[in-house]
Every structure is written in structure tokens, then in C-alpha cells.
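This report goes through the fold, the model confidence, the disulfides and a few surface and contact features of one protein.

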Amino acid sequence: MDRLTLRRSLGLTAGVGAAWLGVLVAAPTATAAPAECPAPGPSMTQDTGAGGSCSANSGAGGAAAAYGFDGAASADAEPTSLALAIAQNGGRATADSADLSGPAVIAIGPGATVTATGARPGLSIGIAGPGATVAVTGVTPPTCSGGFGFAGDFQMWQGCFSHR
């Protein structure tokens with residue numbers, strides 16, 4: 001991949017990520033309290049309620065956090081890694097991390113499914129809108145299908161975008 005293509009890809013990745021962050025912040029929130037599962041250091045937490053469900057597990061030196069806003073989120077961080085999962089309005093988000101990796105996933109809307117695995121050192125992000133499926137494995141290029149979805153994988157230096 002030449003430098004111009006790489007620069008454009010990174011610019012597109014940053015732009016789409018910023019747009020989705022704006023959508024997440026501006027999206028209406030559920031009336032019920034969200035499920036919150038922070039797990040810093042060696043800990044495990046789980047929360048299931050009317051406002052969603054979440055679970056987070058973290059090893060020594062790692063940190064995981066999952067938040068369910070009327071959705072299901074799960075985060076698992078091994079030592080020396082970070083994992084973040086956020087699910088809203090029926091979405092399903094799963095983040096698993098290993099040594100020196102940091103996957104973050106956001107699933108917004110019915111049928112939104114996103115999974116990210118940190119298999120190598122580096123960051124990754126996956127965002128799925130209604131009906132989209134996004135997967136980041138850390139060892140193969142990310143995949144995006146269905147509805148509006150985006151992934152950026154700095155473990156593989158690749159990404160994907162689905163606009164359907």
C-alpha cells in the first residue's frame with residue numbers, strides 16, 4: 001500500500017469514527033438505568049437489568065469495561081491489555097483483548113453486532129449500526145456487512161466500511 005492510499009485510509013477511518021462518536025453522543029438514551037460493568041485490574045463484574053446487560057472480566061494489569069444501554073455488551077481483558085464494549089438499543093458488542101492490545105466496540109440499534117479481538121499489540125475499533133455485522137480478529141482483515149458499519153484495525157493496518 002503506497003503512502004497516499006494509507007494516508008487517505010487513515011483519514012477516512014478517523015472521519016468515520018468521529019462521525020459515529022457524534023451519533024453515539026447525540027442518540028437518545030433509554031429511560032431505564034444502563035447496565036454498567038467496569039473491571040479495572042483483576043476483577044469480574046456482571047449486570048443484568050431492564051436497561052440492558054453487560055459483563056466484564058479483567059486480569060492483573062488489564063482493564064475491561066462494558067456498558068449496555070438497552071443492549072448486551074461484554075468485555076474481557078487479559079493482563080497488559082484493555083477492552084471496551086458499548087451496546088445501545090438492541091445492539092450486541094463483544095471485545096476480547098490479549099497482550100498490549102486495545103479493542104473498542106460500539107453496537108447501536110436492532111440487529112447491530114460487533115466483535116473485536118485484540119490478538120497482537122495495537123488498537124482496534126468496530127462500530128455497527130442497525131442490521132450491521134462487524135468483525136475484527138486481529139489476524140485477518142476486518143469485515144463489515146449488512147447495515148452501516150465501520151472497522152479500523154491498527155494490528156493489521158486495515159479497515160472496512162459498509163454503507164448499506
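The protein, shown here as a predicted model, contains 14 strands and one helix. Its chain has 164 residues, and 42% of them are buried. Of the contacts between residues at least 6 apart in sequence, 15% join residues at least 24 apart. The accessible surface amounts to about 7,900 Å², and carbon and sulfur atoms account for 62% of that area.

**Confidence**

The mean pLDDT is 85, with 80% of the residues at 70 or more. Residues 8-12 have pLDDT below 50, and in the model this stretch has two contacts beyond near neighbours in sequence. Residues 14-26 also have pLDDT below 50; beyond near neighbours in sequence, the stretch 14-26 has 12 contacts in the model. Predicted coordinates should not be read in detail where pLDDT is low.

**Disulfides**

Two disulfides are present in the structure. Counting bonded cysteines along the chain, the pairing pattern is 1-2, 3-4. The table lists the sulfur distance and the angle about the S-S bond for each pair.

| Disulfide | S to S distance | Angle about the S-S bond |
|---|---|---|
| Cys 37 and Cys 54 | 1.9 Å | 75 degrees, right-handed |
| Cys 144 and Cys 160 | 1.9 Å | 65 degrees, right-handed |

In the pair of Cys 37 and Cys 54, Cys 37 belongs to strand 1 (residues 35-40) and Cys 54 to strand 3 (residues 52-58), so the bond ties together parts that are 17 residues apart in sequence. Cys 37 has a relative accessible area of 0% and is buried. Cys 54 is buried as well, with a relative accessible area of 4%.

The disulfide of Cys 144 and Cys 160 links distant parts of the chain, 16 residues apart. Cys 144 sits in strand 12 (residues 143-145), while Cys 160 sits in strand 14 (residues 158-163). Is Cys 144 buried or exposed? Buried means under 20% relative accessible area, and Cys 144 has a relative accessibility of 18%, so Cys 144 counts as buried. For Cys 160 the relative accessible area is 15%, and this cysteine is buried too.

**Nonpolar surface patch**

Which residues make the nonpolar surface patch of about 320 Å²? Leu 123, Phe 154 and Trp 157 make this patch. Of these residues, Phe 154 lies in the loop that runs between strand 13 (148-153) and strand 14. Phe 154 is partly exposed, at a relative accessible area of 32%.

**Surroundings of Tyr 67**

Tyr 67 is part of strand 4 (residues 63-69). Its relative accessible area of 24% makes Tyr 67 partly exposed. Leaving out residues up to four places away in sequence, Tyr 67 touches Ala 35, Glu 36, Cys 37 and Pro 38, together with Cys 54, Ala 73, Leu 84, Ala 85, Ile 86 and Ala 87. Both cysteines of one disulfide, Cys 37 and Cys 54, are therefore among the residues that Tyr 67 touches. Ala 35, another of the residues touched by Tyr 67, is 32 residues away from Tyr 67 in sequence, and the C-alpha atoms of Tyr 67 and Ala 35 are 5.6 Å apart in space.

Conventions
Residues numbered from 1 in each chain as written. Predicted model: local features only at pLDDT ≥ 70, side-chain atom pairs only at ≥ 80, totals over all residues. Heavy atoms only, no water. Helix = DSSP H or I, 4+ residues; strand = E, 2+ residues; numbered from the N terminus. Buried < 20%, exposed > 50% of the residue type's maximum accessible area, 1.4 Å probe, protein only. Contact = heavy atoms within 4.5 Å. Areas by Shrake-Rupley, 256 points an atom, 1.4 Å probe, with all protein chains shown as cover. pLDDT = per-residue confidence, 0-100. Disulfide = S-S within 2.5 Å. Patch = residues over 30% accessible without salt bridge, like charges linked within 9 Å, V, L, I, M, F, W, Y side chains within 5 Å. Salt bridge = Lys/Arg side-chain N within 4 Å of Asp/Glu carboxyl O.
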